[in-house]
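This briefing goes through one protein chain by topic, starting with a pair of neighbouring strands and moving outward from there. Please keep the sequence and the model in view while reading.

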Amino acid sequence: AWLKYYYPAHFMAAVLSADLQNTDKIVIFIEECRRMEIEIILPDVNSGKFAFTVDSQGRVVYGLGAIKGLGEGSIENIIEVRNETGAFKNLFDFCNRINMSVLNKRAIEALIRSGAMDSFGGDRAVLLASMSEAIKTAEQSDKTLASGVDDMFGELVSTQSNADVYSNYQHVKSWSEQRRLQEEKDSLGLYLSGHPIEEYLPEIQLMTKNRIANLKADRSTQTVIGLIHDMRIIKSRRGDTIAILTLDDRSARIEVSLFGEVYDNSRELLGKDIVVLVEGVVSVDEYTGNSQLQVRARKVTLFKEARQHYVRNITLNLQQENLPVESLHILQNILSEYSSPEQEINGTDKVCDVVVNYAGEGVKGSIVLGKQWRVQVEDELLHKLRQQYGTGHITVNYQ
């Protein structure tokens with residue numbers, strides 16, 4: 001208790017390191033760090049160690065040893081080379097200097113997906129795309145050294161700037177926020193640098209006024225949207241199946257109970273890390289004795305389906321520099337993949353209007369694109385639009 005109070009970051013780093021290979025416990029301890037407002041940063045091949053450590057700013061640095069698919073021998077080689085010859089400049093420099101017989105392709109993929117190579121420049125999609133060339137270049141360099149013949153081009157790649165190193169891969173599309181976080185979770189066992197619900201928060205705030213932290217017990221039906229953090233199936237005394245969901249919207253967590261027909265109608269939709277809309281009655285959990293709230297669900301809908309029902313339009317807020325003439329063809333190509341001209345907008349359809357708010361020199365106006373450009377609102381569509389025109393220029397509006 002004394003250590004936790006006076007040296008909270010160091011204490012938690014030690015606790016995390018003690019269960020380095022136990023992902024379930026790591027998740028619990030990371031949540032405790034967040035509760036204690038201790039910042040946790042991604043693993044880093046240029047500063048991290050095998051175990052969890054604390055940096056000069058009092059942040060807990062994620063241990064390289066907790067990355068799935070990365071062996072202790074690989075980590076020891078990384079740290080040894082880094083200590084002897086300095087920080088790694090980029091992915092090509094990294095592959096050229098470490099022992100490729102110890103660190104295989106799968107291990108390098110795990111480092112990239114976890115964010116441990118973010119300091120190399122280029123986003124993770126670019127790093128992953130250039131990995132094969134970096135490994136091939138390193139292997140060629142090893143063969144040249146083994147032959148005893150000097151190669152005048154042997155160090156060319158590793159001494160270039162990051163921009164030059166990845167110049168052949170700048171066309172690679174960046175991962176969406178959802179993809180980046182999912183890759184992070186697959187390699188670390190948890191979402192560390194963000195939360196999947198964050199991308200949807202602007203939309204969620206338009207679809208419902210309720211956040212979990214603000215819920216109050218009420219007999220009327222309330223609507224809440226969150227990510228299924230955990231799920232368990234139990235049997236009642238009468239033998240009925242009950243699903244208990246732990247819903248998380250980053251403001252708080254709450255347990256949601258699904259009984260009988262509600263569970264039967266939604267059982268195929270349910271799973272961890274899925275964002276859902278829940279309509280139900282909020283009450284005090286009498287069994288806990290600590291005034292904890294719970295929800296008895298009346299209906300559960302996938303967020304993506306609920307979005308289609310509530311959406312009014314997608315708005316592109318563009319300036320003259322965002323929309324040169326040639327950009328219209330790009331917009332056309334993006335929308336055409338998701339347009340459904342044969343569908344009409346009504347209470348149950350899955351398409352919406354696209355509105356362009358345009359401002360140029362002395363000119364501004366709002367244009368509703370024709371029916372043939374009505375689209376289905378998909379994560380991938382929004383990602384493409386935001387990538388092309390900027391996150392702040394795309395808005396999803398709801399009824």
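In this predicted model, leucine 247 stands opposite isoleucine 254 in strand S6. That pair belongs to the antiparallel pairing of strand S5, residues 241-248, with strand S6, residues 253-259, which extends over 7 bridges. S5 and S6 form a hairpin with 4 residues between them, and in its turn arginine 250 has a positive phi of about 75°.

**Strands S6, S7 and S8**

- S6 also pairs with strand S8, residues 293-302, and here the two strands run parallel and are joined by 3 bridges.
- Two residue pairs help to locate this parallel pairing: valine 256 stands opposite valine 295 in S8, and glutamate 255 has glutamine 294 in S8 as its bridge partner.
- S8 is joined as well to strand S7, residues 275-284, by 9 bridges, and these two strands run antiparallel.
- Glutamine 294 of S8 appears again in this second pairing, where it is the bridge partner of serine 283, in addition to being the partner of glutamate 255.
- As general background for reading such pairings, the side chains of a regular strand alternate between the two faces of the sheet.

**The open sheet S1-S3-S2**

- 3 strands form an open sheet in the order S1-S3-S2, with mixed pairing.
- The edge strands of this sheet are S1, residues 40-41, and S2, residues 53-54, each of which pairs on one side only.
- S2 pairs with strand S3, residues 60-61, in the antiparallel sense over 2 bridges, and within this pairing valine 54 stands opposite valine 60 in S3.

**Loop residues with positive phi**

- Glutamate 37, which lies in the loop between helix H3, residues 23-35, and S1, has a phi near 60°, a positive value in a residue other than glycine.
- Glutamate 37 counts as exposed because its relative accessibility is 74%, where the cut-off for exposed is over 50%.
- Aspartate 273, in the loop between helix H11, residues 260-266, and S7, likewise is not a glycine and yet has a positive phi of about 70°.
- The relative accessible area of aspartate 273 is 23%, so this residue counts as partly exposed.

**Helix H14 and the residue after it**

- Helix H14, residues 379-389, is largely enclosed by the rest of the structure, because 8 of its 11 residues are buried.
- The buried residues of H14 include the leucines Leu381, Leu382 and Leu385, and among them are also Asp379, Lys384 and Arg386, with His383 and Tyr389 completing the set.
- Just after H14, glycine 390 takes a positive phi of about 100°.

**Alanine 107 in helix H6**

- Alanine 107 lies in helix H6, residues 105-114, and it counts as buried because its relative accessibility is 2%, against a cut-off of under 20%.
- Leaving aside residues up to four places away in sequence, alanine 107 touches Gly69 and Leu70.
- Although alanine 107 and glycine 69 are 38 residues apart along the chain, their C-alpha atoms are separated by 5.8 Å.

**Cysteines**

- What is the count of disulfides by the distance rule? The count comes to 0, the rule being a pair of cysteine sulfur atoms within 2.5 Å.
- Cysteine 33 has 0% relative accessibility and therefore counts as buried, and for cysteine 95 the relative accessibility is likewise 0%, so that residue counts as buried too.

**The chain as a whole**

- The chain has 14 helices and 12 strands, and its C-alpha trace spans about 80 × 65 × 40 Å along the principal axes.
- Of its 399 residues, 45% count as buried, while the accessible surface comes to about 21200 Å², of which 49% belongs to carbon and sulfur atoms.
- Among contacts between residues at least 6 apart in sequence, 63% join residues at least 24 apart.
- The chain carries 44 positive and 55 negative side chains, and the centres of these two sets lie 6 Å apart.

Methods:
Residues numbered from 1 in each chain as written. Heavy atoms only, no water. Pairing = 2+ DSSP bridges. Buried < 20%, exposed > 50% of the residue type's maximum accessible area, 1.4 Å probe, protein only. Contact = heavy atoms within 4.5 Å. Areas by Shrake-Rupley, 256 points an atom, 1.4 Å probe, with all protein chains shown as cover. Lys, Arg positive; Asp, Glu negative; His and termini not counted. Charge placed at Lys NZ, Arg CZ, Asp CG, Glu CD.
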